[in-house]
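Thanks for coming, everyone. Please pull up the sequence and the structure, and we will walk through them together.

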Amino acid sequence: MFGQIKCFDVVIIGAGLAGLQCAKLLSQRGAKILLVDRKIDLTKGIHTTGIFVRKTLEDFDFPAGTLGKPVRNVTLYSPKLKPINLESEKDEFRVGKMGKLYGNLLRECIASGVEFANETRYISTEINESENIVKLKKSGKDWEVKAKVLVGADGAQSHVAEDLNLDENKEWIVGYEEVYQNAFSIDEPRLHCFLDAKLAPGYLAWITNDGEEIHIGVGGYAEKFNPREALKEFKVKTADKIVDLSRMKLTETRGGKIPVGGVLRKIANENGLLIGDAAGAVSPLTAGGLDPCLRLSKFASEIIWKRLETKNPKVLLDYSGEFFRARFVSRLWMRRLIALISNQTLLEFGFSFMRGRIGKKFARHVFFGRGSFPDVEIQIAKVEKSFNNSILS
Ligand SMILES: Cc1cc2nc3c(=O)[nH]c(=O)nc-3n(C[C@H](O)[C@H](O)[C@H](O)COP(=O)(O)OP(=O)(O)OC[C@H]3O[C@@H](n4cnc5c(N)ncnc54)[C@H](O)[C@@H]3O)c2cc1C
C-alpha cells in the first residue's frame with residue numbers, strides 16, 4: 001500500500017455518518033473509493049447523542065439492532081424546573097446505537113468495494129493537472145494517493161475545507177454528555193430538555209431515557225460555560241431528581257463541537273466538495289446534524305457520479321450550499337435570539353409564554369414538526385434538467 005501511487009475516483013476523508021453514507025452510495029454505483037479515518041475503530045470515540053427524528057426514520061432504512069426504543073414524550077423545563085409535557089401519537093425519536101450503525105455501514109461499504117484506511121490521518125492535498133494528490137499518514141509513514149474528487153467529511157473543523165479553499169464553519173456550540181446503561185429505570189421513554197442560561201447558555205441540557213440507555217448532557221456556547229463543570233452541576237442539581245443514577249453504569253462520555261451557522265455557501269469546487277458537519281449541514285435551532293448527513297451525502301453522491309460519468313470537473317460546481325440556506329433563515333434568526341438570552345429571569349419569562357396555547361403549539365412544532373434538511377431530490381432533479389439542457393444547446 002505504501003509503494004506505487006494508487007488512483008481512486010473519490011477519496012473521502014472522514015468515516016462518520018456523512019462519509020460512510022457517501023461512500024456506500026457511490027461504491028454501489030461502481031465508483032472506486034478510498035475512505036479514510038484517523039480512528040482505529042469506528043465503533044469507539046463516538047461524539048453524538050444519536051437522536052434520529054421521525055422524518056429520517058421514515059425516509060431511510062436502518063439495519064436491525066441499530067436503534068433504541070421509540071420515544072413519543074418530551075418534557076421541556078424552565079430554569080426553575082417548571083415543566084411542559086408534550087406527547088405525540090407517533091414515534092418521534094429513536095436514539096441510534098451509533099457504534100453498531102457505523103460498523104454496519106462500514107461493512108456495507110467494504111462489501112461493495114470501498115477500500116478503508118483506518119488509523120490514517122489526512123495531511124493535505126495538492127492539485128496536479130486537475131487531479132488531487134492526497135497526502136495521508138499512517139503509523140508515522142507518509143502515503144500519497146490520487147483522486148479525481150476529494151470529499152471532506154472530516155467534521156465540524158474541516159481541514160479539507162481549508163485546503164480546498166472552501167467556506168469554513170465559524171459559529172459553534174459545544175455538547176458534552178455521559179451515557180449510562182439503563183438496567184433499572186422502568187420509566188416510559190422520554191426526552192427531557194432543560195432551558196438554563198447558566199448550565200446550557202444558548203442551547204439545552206438534556207436527559208434522554210429510551211429505556212435502554214440514558215444520555216445526560218449539556219450544550220451551549222463554549223465561551224460562556226465550562227461543559228464538564230456544567231454537567232457535574234446539572235447532575236447534582238437536576239438530573240438526580242429525574243433518574244436514579246446511583247445504580248447505573250457509566251459506559252461512555254461523548255462531546256464535541258456543533259456548527260450552528262447554517263449550511264455554508266461555497267461547499268464545492270472542481271476538485272472536491274464537503275458533506276455533513278464540514279459543510280455546516282446542521283439545524284441552527286435544534287443542532288441536529290444526522291438527518292442532514294444522510295440527505296446531503298445523497299445529493300453529493302449524485303453530483304460526484306455525474307462528474308465521473310461525464311469526466312467534466314465543472315459538474316461539481318452544481319453542488320452549492322445556496323440551494324439550502326433559504327430553508328434555514330428563520331432558524332438562524334431564532335438562533336441569534338437564543339444566543340442573546342443570557343439572563344435566567346428573561347428565560348423564565350420567555351418560558352411562561354411557551355406554557356400558553358400558542359407557545360405550546362410552537363414547542364410541538366419544534367419537537368414533533370417533521371422538520372428535516374431540505375429534500376435533495378428536488379435539487380437533484382434541477383441539476384439533472386440543467387445538465388440535459390446544456391448538452392442539447
Ligand atoms: C455532543 C453532541 C451531541 C449531538 N447529538 C445529536 C443528536 O442527538 N441528533 C443529531 O441529529 N445530531 C446530533 N449532533 C450533531 C451530529 O452528531 C453531527 O452533525 C454528525 O454526527 C456529523 O457527522 P459527520 O459525519 O459530518 O462528522 P463526524 O461524525 O464528526 O465525522 C468526522 C470523521 O472524520 C474523521 N476525521 C477528522 N479529521 C480527520 C483527519 N484529518 N484525517 C482523518 N480522519 C479525520 C473523524 O475521526 C470522524 O470519524 C450532536 C453533536 C454533538 C457534538
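Let me start with one glycine. Gly-262 touches Gly-280, Pro-284, Arg-325, Phe-328 and Leu-332, leaving out residues up to four places away in sequence. Keep in mind that this is a predicted model.

Where does Gly-262 sit? Find the loop between S15 and strand S16, residues 268-269. Is Gly-262 buried or exposed? Count the neighbours: 22 other C-beta atoms lie within 10 Å of Gly-262. The cut-off for buried is 20 or more, so Gly-262 is buried. Now go back along the chain to Thr-251. Gly-262 and Thr-251 are 11 residues apart along the chain, and their C-alpha atoms are separated by 32 Å.

Next, the whole chain. The protein chain has 11 helices and 17 strands. The C-alpha trace spans about 60 × 45 × 40 Å along its principal axes. How does the radius of gyration compare with that of a compact globule? For 393 residues, a compact globule would come out near 21 Å. The protein chain has 22 Å, so the two agree. As for burial, 45% of the 393 residues count as buried. And the contacts? Take those between residues at least 6 apart in sequence: 71% of them join residues at least 24 apart.

On to the core. The largest nonpolar core has 103 residues. Those with the most contacts inside it are Val-10, Val-11, Ile-12, Val-151 and Ile-275. Which element gives the most to this core? That is H6, with eight residues.

Zoom in on Ile-12. Setting aside neighbours within four places in sequence, Ile-12 is in contact with Gly-19, Cys-22, Ala-23, Ile-33, Leu-35, Val-36, Val-151 and Ala-153.

Now a lysine. Lys-148 is in strand S10, residues 141-152. Buried or exposed? Lys-148 has 22 other C-beta atoms within 10 Å, so it counts as buried. Beyond its neighbours within four places in sequence, Lys-148 is in contact with Asp-9, Val-10, Glu-131 and Leu-308. Val-10 you have already met, among the residues with the most contacts inside the largest nonpolar core. One more distance here. Lys-148 and Cys-293 are 145 residues apart in sequence, and their C-alpha atoms are 22 Å apart in space.

Next, the ligand. There are 38 residues around it. Which come nearest? Five glycines: Gly-14, Gly-16, Gly-175, Gly-276 and Gly-289. By class, the shell has 14 nonpolar, 15 polar and nine charged residues.

Which elements supply at least two residues of the shell each? Helix H1 (17-29), strand S8 (120-128), strand S11 (172-181), strand S15 (249-259) and helix H6 (290-310). S15 gives the largest share, four residues. H6 is worth a second look: it supplies residues to the shell, and it also gives the most to the largest nonpolar core.

Now a strand with company on both sides. Strand S13 covers residues 205-209, and five of its five residues are buried. In a regular strand the side chains alternate between the two faces of the sheet. In S13, Ala-205, Ile-207 and Asn-209 are on one side, with Trp-206 and Thr-208 on the other. All of them are buried, so both faces are covered.

What pairs with S13? On one hand, strand S12 (residues 190-194) is joined to S13 by five bridges, and the two run antiparallel. Arg-190 has Asn-209 as its bridge partner in S13. On the other hand, S13 pairs with strand S14 (residues 213-220), also antiparallel, over five bridges. There, Ala-205 has Val-218 as its bridge partner. S13 and S14 form a hairpin with three residues between them. Gly-211, in the turn, has a positive phi of about 90 degrees.

Last, two positive phi values outside glycine. Glu-119 has a positive phi of about 50 degrees. Look for it in the loop between strand S7 (115-117) and S8. Glu-119 counts as partly exposed, because it has 13 C-beta neighbours inside 10 Å. Lys-311 has a positive phi of about 60 degrees. Its place is in the loop between H6 and helix H7 (322-325). Lys-311 has 8 other C-beta atoms within 10 Å, so it is exposed. Set that beside Lys-148, which is buried.

That is the tour.

How values were computed:
Residues numbered from 1 in each chain as written. Predicted model: local features only at pLDDT ≥ 70, side-chain atom pairs only at ≥ 80, totals over all residues. Near = placed C-beta within 6 Å. Nonpolar A, V, L, I, M, F, W, Y, C, P; charged D, E, K, R; others polar. Buried ≥ 20, exposed ≤ 12 C-beta atoms within 10 Å, placed from the backbone. Pairing = 2+ DSSP bridges. Contact = placed C-beta atoms within 7 Å. Rg over C-alpha atoms; globule rule 2.2 N^0.38 Å. Core = buried A, V, L, I, M, F, W, Y, C linked by C-beta atoms within 7 Å.
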